[in-house]
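Here is a short tour of a model for you to follow alongside the viewer. Please have the sequence open as well.

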Amino acid sequence: MKTRITELLGIEHPIIQGGMHYVGFAELAAAVSNAGGLGIITGLTQQSAGDLANEIARCKDMTDKPFGVNLTFLPSLSTPDYPAYIRAVIEGGVTVVETAGRNPQEYLPALQDAGIKIIHKCTSVRHSLKAQTIGCDAVSVDGFECGGHPGEDDIPNMILLPRAADELKIPFVASGGMADARSLVAALAMGAEGINMGTRFIATREAPVHPKVKQAIVAASELDTRLVMRPLRNTERVLNNKAAASLLEKERTLGSELKFEEIIDEVAGVYPKIMLDGDMEAGVWSCGMVAGLINDIPSCKELIDNIMSEADALINQRLSNMVTS
Ligand SMILES: Cc1cc2nc3c(=O)[nH]c(=O)nc-3n(C[C@H](O)[C@H](O)[C@H](O)COP(=O)(O)O)c2cc1C
């Protein structure tokens with residue numbers, strides 16, 4: 001399939017694996033890129049710019065296809081050395097950067113001068129337009145259903161994607177709730193040029209996370225996510241577990257008095273315990289409503305090949321039969 005996104009990024013299929021903390025290691029990024037999509041290493045999972053440089057080198061050993069690095073500019077306890085991370089990306093010869101969180105404007109000249117394409121992750125049309133104005137090459141539009149940070153507007157993709165299509169000139173991918181060929185074809189119909197998937201890619205054979213994480217996603221239904229940290233205007237969609245229940249109880253009790261320090265046990269430093277050790281109650285972790293559509297743990301190649309062949313059947317059989325009849 002050829003879209004503005006496959007052309008921009010130099011990939012075969014319009015499918016991107018979104019950056020995911022303690023999931024987006026070289027193994028997953030390389031597997032997605034080898035399958036014809038765009039794999040993404042999560043920059044800040046690497047503890048230093050030197051570690052990121054090593055991770056990029058490891059990924060290059062596993063694939064000769066393009067892959068990206070996610071740079072997330074979110075509130076954190078200590079500000080990472082972003083310029084050093086950016087140097088590692090440039091020196092590593094990475095061709096795509098997925099930015100997320102704060103406005104990435106100050107970092108764009110260095111990245112784009114090195115020929116790197118920027119996809120900025122946005123949860124609203126106004127942020128997407130801003131990304132276009134500051135010169136991003138594409139946006140990833142994340143609807144309310146997405147795993148991770150859906151923003152505070154709560155607009156699902158059935159509305160957000162056609163709204164983005166009406167306003168944007170740069171290409172965009174649909175993100176949040178994407179799992180299969182139906183997602184891809186629907187996203188293309190609504191004006192997107194491809195899809196970005198997070199949760200779906202965790203439940204793949206190559207995702208280097210504990211098997212319990214993959215099983216939790218397969219076992220979850222679309223009813224099993226919760227929104228936490230809303231009172232802090234840092235809303236995150238997570239899988240429901242004891243930590244989510246405890247965090248929500250604190251939010252109910254403390255109301256507008258809630259401070260980040262009070263929920264540190266549930267949110268800070270929990271990802272390695274969950275993703276690597278499989279300690280599923282160590283804290284809250286991002287997960288999309290799309291878990292309700294995930295029932296297997298395929299390889300990235302099986303997943304992507306199935307999406308592309310079923311999308312072809314959807315477009316050329318189901319939909320085209322409807323049109324001709
Ligand atoms: C476990 C997990 C961790 C994530 N970590 C990040 C992150 O560090 N930076 C980021 O920009 N997005 C992060 N995301 C968001 C994904 O890149 C993607 O936008 C989102 O998962 C799309 O929604 P979906 O899960 O419904 O596919 C994370 C998502 C998950 C599920």
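The notes below go through the domains, the ligand shell and one helix.

Keep in mind that this is a predicted model. The domain assignment splits the chain into domain 1, residues 4-208, and domain 2, residues 211-289. Taken over C-alpha atoms, the centres of these two domains are 22 Å apart. Domain 1 puts 20 residues into the contact, and domain 2 puts in 18 residues.

Next comes the ligand. Its surroundings are made up of 29 residues, with Gly 18, Ala 100, Gly 147, Gly 198 and Gly 288 as the closest. Strand 3 (67-73), strand 8 (195-197) and helix 9 (199-202) are the elements that each supply two or more residues to this shell. Both domains take part: domain 1 and domain 2 each provide at least three residues of the shell around the ligand.

The make-up by class of two of these sets of residues is set out here.

| Set of residues | Nonpolar | Polar | Charged |
|---|---|---|---|
| Side of domain 1 that touches domain 2 | nine residues | nine residues | two residues |
| Shell around the ligand | nine residues | 16 residues | four residues |

Finally, let us turn to helix 8, which spans residues 181-189. Which of its residues are buried? They are Ser 183, Leu 184, Val 185 and Ala 187. The buried residues of helix 8 pack against helix 7 (157-167), strand 7 (172-175), strand 8 and helix 14 (300-324). Strand 8 therefore appears twice in this tour, as it also gives residues to the ligand shell. After helix 8 comes Gly 191, with a positive phi near 110°.

Technical notes
Residues numbered from 1 in each chain as written. Predicted model: local features only at pLDDT ≥ 70, side-chain atom pairs only at ≥ 80, totals over all residues. Domains from an automatic or database assignment. Contact = placed C-beta atoms within 7 Å. Nonpolar A, V, L, I, M, F, W, Y, C, P; charged D, E, K, R; others polar. Near = placed C-beta within 6 Å. Helix = DSSP H or I, 4+ residues; strand = E, 2+ residues; numbered from the N terminus. Buried ≥ 20, exposed ≤ 12 C-beta atoms within 10 Å, placed from the backbone.
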